[in-house]
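Trainee: I am new to this structure and would rather understand one part well than many parts briefly. Please choose a single element, look at it closely, and then show me how it fits into its surroundings.

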Amino acid sequence: MLHLYDTVSRSVRELALREPGKVSIYLCGPTVYGPAHLGHGRATLSYDILRRYLEWTGLDVRLVSNITDIDDHIINRAKREDRPWKDITTKCEAMWFEAMDGINVARPTDIPRATEYVDEMVEMIAELIAADKAYTTDDGVYFDVESVDDYGLLALQTLDDMRAGGGDREVFGADQKRHPADFVLWKFSKPDEPAWPAPWGDGRPGWHSECVVMSLDLLGEGFDLHCGGQDLRFPHHENERAQAVALGKTFANHWMHHAFIVDGEGEKMSKSIGNVSNLLDLIEHYDQRAYRLVLLQSHYRSPIALGQTTIDNAVKSLAGLDAFAARASKVPSAEPDQTVLDAFRSAMNDDLDTPKVMALVFDTVRSANSAIDAGDDSAGPLVAAVMEICSALGLVLAGGGDDVPAEILAQAAALDQARAAKDYGTADALRDELQSEGWTVETTKDGTSVRR
RNA sequence: GGCGACGUGGCGGAGUGGCUUACGCAACGGCCUGCAAAGCCGUCUACCCGAGUUCGAUUCUCGGCGUCGCCUCCA
């Protein structure tokens, strides 16, 4: 079974399942007010890899990931551009999923939107007020963090330490808050802002309330895993949990946080190809699998530098894997090598050790290539194991093959005829022609193969 | 100032108290090839600095230097 680092216990521990055979996961999704950036890519790819792996092991995965479609960022942009906020959210959401499709991230099983849950949030806030865990000020309703004993669990810091360490930071709305860390559950709206009715005044829900309400509604108490970026650990996740705890509910059983993308020092990807912090740009300019491969070759808890050379290297590496897939497609199919699959499983179960998995994949590719060269029967199971692992990780290898147009195949055949006739001038000319049209040409003793 | 994490070869990035010093990309040599490509074999560079613990540290401890994240709405 999968062992994962748990932020709260600060250790790698088994991901205990509430229900055998089923995994319930909540992932904080995007606020749709702009294009998806590289950081979003890391988040979604990391959990896509997790999700696919869990499914590969035979588990039934329920992955809930929300869309925050009401938020200050959205309102501000709507004001700035003088257009309806819904126009922004619908367009950005469409772009978001376009980007997700582009990097082969499977859709979550549930995609709740904040605006669909306002009634439930109002109900929850009412309960918090009734329980004296929340209070009203001039500008909204606030949560009383001191009403939760273990507040700071995810911050890995006590409330006192946080306050002591706060330095000279400015505290928003400090004058009416009971504690600087108290956070807003409901914001009263200004006249021209979107508003929903509530007993304590029309307004909109605070960011931290939506994820608790949606996760508990869709997954129920004590769901298995809550994930997100390390920046969400505090205050967002802390505050989600605090609300659940204040209402006497059991929240997530396990917390997973991934590390960030850092700028490759002096790499200046932006100078070379424009704003590559935009995920759609990356997909447009490069093989979309490259980002997934980069992430697979490092650990999800390590910050990684994503620069021009990093992506270039991954693209080249992918070319090698594709070449292998092309060779492999001619190998008679076989059952995957169990030793390799066992090694895959054990690496993944050890806190998603994907770097080890990729080392295993490349090692297996080499063994398989050697076996193919030698005409050895052991090639089949090795090839099958590589394909199985890559597919389990969402890494699609281009085996080439059936989509080559007839005239291209005819050229390849002509090339072979020229070679057979030792007319190398013609052969080379034909090869150059094919290559200039973007085909990868491999001339072997068994004949010429062509692929994209 | 508080908390957390990190500094590995040309680059990315794993890992380990001593063992054949992952893996990918790049470079170099060889095999294969008509020549290439692909593939295979081999080679070259490393563990931020100082002290300590130890028979022995890149790996543990302490200090220093440097980098990053969080400390009220950013994956």
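Mentor: Let us take helix H14, where eleven of the 14 residues are buried, so that this helix is largely enclosed by the rest of the structure. A residue is called buried if 20 or more other C-beta atoms, placed from the backbone, lie within 10 Å of its own, exposed if 12 or fewer do, and partly exposed in between. This is a predicted model, in which local features need pLDDT of at least 70 and side-chain atom pairs count only at pLDDT 80 or more, while totals for chains, interfaces and linings use all residues. Residues are numbered from 1 along each chain as its sequence is written, and chains are lettered from A and ligands numbered from 1 in the order in which they are written.

The buried residues of H14 are Ala379, Gly380, Pro381, Leu382, Val383, Ala384, Ala385, Val386, Ile389, Cys390 and Ala392. Helices (H or I, at least four residues) and strands (E, at least two) are DSSP runs, numbered from the N terminus, and chain A comes to 16 helices and 14 strands. The length of H14 agrees with expectation, because its 14 residues should span 20 Å at 1.5 Å a residue and its end C-alpha atoms are 20 Å apart; the expected span is 1.5 Å times one less than the number of residues. After the helix comes Gly394, with a positive phi near 80 degrees.

What, then, covers the buried residues of H14? The cover includes H1, helix H11 (308-328), helix H12 (338-349) and helix H13 (354-374), where a contact means that the C-beta atoms of two residues, placed from the backbone, lie within 7 Å.

From here we can widen the view to the nonpolar core, a set of buried Ala, Val, Leu, Ile, Met, Phe, Trp, Tyr and Cys residues joined through C-beta atoms within 7 Å. The largest such core has 109 residues, and among those with the most contacts inside it are Val386 and Ile389, together with Ile125, Phe143 and Leu185. H14 (residues 379-392) gives the most to this core, with nine residues. Both domain 1 (3-258) and domain 2 (261-392) give residues to this core, so the core lies between them. Apart from this core lies another, of five residues, including Ala412, Leu415, Ala427 and Leu430.

The domain bounds come from an automatic or database domain assignment, which in chain A also gives domain 3 (406-451). The C-alpha centres of domain 1 and domain 2 lie 32 Å apart, and their contact takes 26 residues from domain 1 and 22 residues from domain 2. On the side of domain 1 that touches domain 2, strand S1 (3-6), helix H1 (38-56) and helix H3 (85-102) are the elements that give two or more residues. H1, already met in the cover of H14, gives the most to that side, with twelve residues.

Lastly, the whole chain gives some background for this helix. Of the 452 residues of chain A, 39% count as buried, and its C-alpha atoms fill a box of roughly 90 × 50 × 40 Å, taken along the principal axes. Among contacts between residues at least 6 apart in sequence, 74% join residues at least 24 apart.
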